[in-house]
Amino acid sequence: MSRRAKILVYAALSVLCVPFVFPTWWMVTSSFKPNADIFSARLWPRHLSLQPWHDVFTLQPFARQYANSLYIALLVTAGTMVVASMAGYAFARIRFRGQNILFVVVLTGLLIPSEVTIVPLFRMFNAAGLIDTHWPLILVPIFGAPSVLATFIMRQFFITLPGELEEAARLDGLGRAGTFRRVALPLARPALGAVAIFTFLHSWNLYLEPIVFLSTKTKFTLPQALTQFTDAYQGPLWNVQLSAASMTAIPVLIVFVLAQRHFIEGLAQTGLKG
Amino acid sequence: MITTISRVDAPATTPPPRDRFWTTRRRDELTGWLFIAPQLAGTVVFVLVPLLLVGWYSLHEWNVLADSFTFVGAQNYRALAQDPKIGGVLRASALFSAGLVVVNLSLALLLAVLLNQRLRGTTVFRVLFFSPVVVSLVAWTIVWRFMLQNNGGINDLLAAVGVTGPNWLRSGGTAMAAVIVVQTFKNVGLNMVLFLAALQGVPRELYEAARTDGASAWTVFRRITLPLISPTVLLTSIITVVGSLQVFAQIAVLTEGGPGTSTTVLVYYLYQQAFQFHAFGYGATLSMLLFAIVLALTVLQWRMRRRWVFHES
């Protein structure tokens, strides 16, 4: 490629980069601006104000909401990994009656977006007395539609394992459960990683479900809490919202930068299969 | 060595049958069932039963506040056909989906082609373009809402070059455009990565042959690259359309369906009817409509996937 063409490509990439990178920069820097100064078009705030970052915690039980999101996402991730790897393994490697038809039954979970079933789910959890608890946000993702995608990913992975490995495990006296736990699961680390990343982000981002199921501020999750930093006229307190948004986004971004290859490959894979 | 082979040839002897009833086959049968039980039960309870219930509810007049639940047959469906808002809602959904597919796929393809030039440092750009995918959706949307305010960052930028920007989120035409653009920058990284993988699968010799024949870069792209990656283009467009039908948080945070109903897409209308106006029966009817649309698109996706044999593992 000629030198000129190279410069053109670099120039195009740099310009195109702006709308992807600038919002994050603007989010963090504006979160340090006093509210009077919030719309000043400065790339770097004139006076760094820590007040918004402080207000985040006094206007709402934000630490509690953060903990809610974190524990729900971690629990859902761990639960999904267990449920999906077991089901994926069984569908891929064990022969049992009804296997094919049951696989189709499970796959219907991929066909039906959670928005379609939100009304009856609300009714069911209401009847069970679980409205305004975290249970719907934990149980539905682990066992319902979101984990079906994970099961599918795990099955596609386990199908590629060579049969000799299991035969060897069997000769060593391992039963099915032992083969799964000691042989198949350790080999499935890449697929499990993809499932973990996808599941964590899915739970961390959930918005419709929390606003339908939760009504007490101390039980809110982060996406739901972010938009609740408002003044007396329901106008957004921008700097506080942006501080809270920064605290929500930055830790995940840091993990992403550290493990970007796993993130990109894992999410592209799940995106394709979904 | 010989003993190993003979043991493999006669798996019936290994493991030694401890029990006449619990043969390896029966054990497998039971293990298989136990392994899939949680997922199967979850699918039934949280997906299939709710789906049947949606159909059942859609035949009822059901107001939560009035605590009334009466069978009304097809009345909700007639109401749907006569709903003066539904035309606008479907138009907004179609506009959003179509706009998103066009903008998202063109940008994804452009980025993938640029990254595929394999210059030094493209990994960094790949990470930057992908990064919004992992940013919390509501956080991302809040920042854009902030920047799209009448006196926000984007209009400041426009003012700097002498253009008076519109009040993006408050005027009919630009609100939809804003939602599409915000959503594109959030997720275009995924399609970009899929396109990049497809581009890397195009044999280099084809390019070289075409270049020797004196074809221009644009001709090569249009005549060679595009046809060869067309399966990916089709697949990503369907994935993007199905995903676009589920957009909710972006609308709720950016525009709340406004101005008027110009950005009230189907899921947002469904949410309003069921959870703001407490018309659960009608909400269920709208859910059925959403389900029908998604089902049709997904069937289309699977048929295409079969026709264009896509490299699946």
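How far apart do the end C-alpha atoms of residues 275–300 of chain B lie, and what percentage of the span is helix? In this predicted model, the end C-alpha atoms of that span lie 31 Å apart, and the span is 88% helix and 0% strand.

## Annotated transmembrane regions

For chain B, an unreviewed UniProt entry gives the annotation "transmembrane region" to residues 30–59, 94–115, 127–147, 175–199 and 275–300. One of these spans, residues 127–147 of chain B, is 71% helix and 0% strand, with 23 Å between its end C-alpha atoms.

For chain A, the UniProt annotation "transmembrane region", also from an unreviewed entry, covers residues 7–28, 70–92, 101–122, 134–154, 183–204 and 238–259. Residues 7–28 of chain A are 100% helix and 0% strand, and their end C-alpha atoms are 31 Å apart. Residues 70–92 of chain A are likewise 100% helix and 0% strand, with end C-alpha atoms 32 Å apart.

## Helix 13 of chain A

Helix 13 of chain A comprises 21 residues, 238–258. At 1.5 Å a residue, this helix should span 30 Å; the distance between its end C-alpha atoms is 30 Å, and therefore agrees with the expected value. The helix nevertheless carries a kink of about 25 degrees at Ala249(A), shortly before the proline Pro251(A).

The residue at the kink, Ala249(A), is among the buried residues of helix 13. The others are Trp238(A), Asn239(A), Val240(A), Gln241(A), Leu242(A), Ser243(A), Ala244(A), Ala245(A), Ser246(A), Thr248(A) and Phe256(A).

## Contact between chains A and B

The contact draws 85 residues from chain A and 78 residues from chain B. On the side of chain A that touches chain B, the largest share, 15 residues, is supplied by helix 1 (residues 3–30) of chain A. By class, that side of chain A has 60 nonpolar, 18 polar and 7 charged residues.

## Overall form of chain B

Chain B contains 14 helices and 2 strands. Its radius of gyration is 27 Å, well over the 20 Å that the globule rule gives for 313 residues, so chain B is more spread out than a compact globule. Along the principal axes, the C-alpha atoms of chain B fill a box of roughly 85 × 75 × 35 Å.

Of the 313 residues in chain B, 37% are buried. Among contacts in chain B between residues at least 6 apart in sequence, 70% join residues at least 24 apart.

Conventions. Residues are numbered from 1 along each chain as its sequence is written. Chains are lettered from A and ligands numbered from 1 in the order in which they are written. This is a predicted model: local features need pLDDT of at least 70, side-chain atom pairs count only at pLDDT 80 or more; totals for chains, interfaces and linings use all residues. UniProt positions are given in the numbering used here, feature names are shortened, and annotations may be inferred rather than shown by experiment. Helices (H or I, at least four residues) and strands (E, at least two) are DSSP runs, numbered from the N terminus. Two residues are in contact if their C-beta atoms, placed from the backbone, lie within 7 Å. Ala, Val, Leu, Ile, Met, Phe, Trp, Tyr, Cys and Pro count as nonpolar, Asp, Glu, Lys and Arg as charged, and the others, Gly among them, as polar. The expected span of a helix is 1.5 Å times one less than its number of residues. The bend at a residue is the angle between axes fitted to the seven residues ending there and the seven starting there. A residue is buried if 20 or more other C-beta atoms lie within 10 Å of its own, exposed if 12 or fewer, and partly exposed in between; C-beta atoms are placed from the backbone. The radius of gyration is taken over C-alpha atoms; the globule rule is 2.2 Å times the number of residues to the power 0.38.
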